[in-house]
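Here are a few exercises to work through with the model open in your viewer. Try each task before you read its solution.

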Amino acid sequence: METSARLYTLNYDELKTYLWASVFVVCNMVLPQVFHLIPQGGIIFAPLSFVILAGSYKFGWKTGVLAAVASPIVNNLVFGLPAWGVLQIMMLKLVVLALAAGLTAQYARRVTLPLLIGVVLASEIVGGLCELILAGNVTATIADFTIGWPGLLLQVIGTYLIIKHTK
């Protein structure tokens, strides 16, 4: 499935970059609260990743990186999650996702399910390897796939539908 969609590559000298990054940070404050009502909902659905993927693919890697860095910090300051022990790893994984999504959209200039699957899998593998190197926690790395597969599906299908149905 392929769709023509309006994709943007916003730069740091544009106000829109900061406005959209702020919108994604706010979404990343609200969405996790909803998913945390489900037992292990944050681990299963990775709501921060969903917003970063959709935002980075639609508005470019620079907007995505801003939101990827700010979202975990703001959530930690406001809600205490993610915990300081995983904050850096989560931020790194979100930045990898933002770069993969934004650069893929920039060069492909279209959105397809196979492209989104590739972005999610590549960022999970790279992010997982970084997590393994930094934290040495193979269980958390594997959990992204064993427990988090519904979230990975949500990211791919949700992002595709959002981009397909927005201007």
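The exercises below cover salt bridges, aromatic rings, a polar side chain and a surface patch.

This is a predicted model, in which local features need pLDDT of at least 70, side-chain atom pairs count only at pLDDT 80 or more, and totals for chains, interfaces and linings use all residues. Residues are numbered from 1 along each chain as its sequence is written, and side-chain values use heavy atoms, with hydrogens and water left out.

**Exercise 1. Find the salt bridges of Lys93 and say which helices they link.**

Step 1. Start with the criterion: a side-chain nitrogen of Lys or Arg within 4 Å of a carboxyl oxygen of Asp or Glu. Searching the whole structure gives two salt bridges.

Step 2. Take the partner Glu131: its closest O atom and the N atom of Lys93 are 3.1 Å apart. Lys93 belongs to helix H5 (residues 84-108) and Glu131 to helix H6, so this pair ties together parts 38 residues apart in sequence. Helices here are DSSP runs (H or I, at least four residues), numbered from the N terminus.

Step 3. Now take Asp144, whose salt bridge with Lys93 has an N to O distance of 2.4 Å. This pair links helix H5 with helix H7, across 51 residues.

Step 4. Put the pieces together: Lys93, Glu131 and Asp144 are linked in a network of salt bridges.

Step 5. Check the burial, where buried means under 20% relative accessible area, exposed over 50%, and partly exposed in between (1.4 Å probe, protein chains only). Lys93 counts as buried because its relative accessible area is 17%, and Asp144 is buried at 19%. Glu131 is buried too.

**Exercise 2. Classify the aromatic pair of Trp20 and Phe59.**

Step 1. Rings of Phe, Tyr and Trp (its six-membered ring) pair if their centres lie within 6.5 Å; planes under 30 degrees apart count as stacked, over 60 as edge-to-face and the rest as tilted. The whole structure has six aromatic pairs.

Step 2. For Trp20 and Phe59, the centres are 4.3 Å apart with 20° between the planes, giving a stacked pair. The partners come from distant parts of the chain, Trp20 from helix H1 (residues 15-35) and Phe59 from helix H3 (residues 47-59), 39 residues apart.

Step 3. Compare the accessibility: Trp20 is partly exposed at 33%, whereas Phe59 is buried at 10%.

Step 4. Widen the view: Tyr8, Trp20, Phe24 and Phe59 form one aromatic cluster.

**Exercise 3. Describe the surroundings of Asn76.**

Step 1. Locate Asn76 in helix H4 (residues 61-79). Asn76 counts as buried because its relative accessible area is 8%.

Step 2. List its contacts (heavy atoms within 4.5 Å). Leaving out residues up to four places away in sequence, Asn76 touches Leu81, Pro82, Ala83, Trp84 and Leu87.

Step 3. Look at Trp84 again: its side chain and that of Asn76 are joined by a polar contact of 3.5 Å. Such a contact is a pair of N or O atoms within 3.5 Å; within protein, one must be able to donate a hydrogen and the other to accept it, and residues adjacent in sequence count only if both atoms are side-chain atoms.

**Exercise 4. Which helix gives the largest share of the nonpolar patch?**

Step 1. Patch residues have over 30% relative accessible area and no salt bridge; like charges are joined within 9 Å, nonpolar side chains (Val, Leu, Ile, Met, Phe, Trp, Tyr) within 5 Å.

Step 2. The patch consists of Ile117, Leu121, Ile125, Leu129, Leu132, Val138, Ile142 and Phe145, with about 670 Å² of accessible area together (Shrake-Rupley method, 1.4 Å probe; for residues, only the protein chains shown count as cover). Helix H6 (113-135) and helix H7 (138-146) each give two or more residues.

Step 3. H6 supplies the largest share, five residues. One patch member in H6 is Leu121, partly exposed at 39% relative accessible area.
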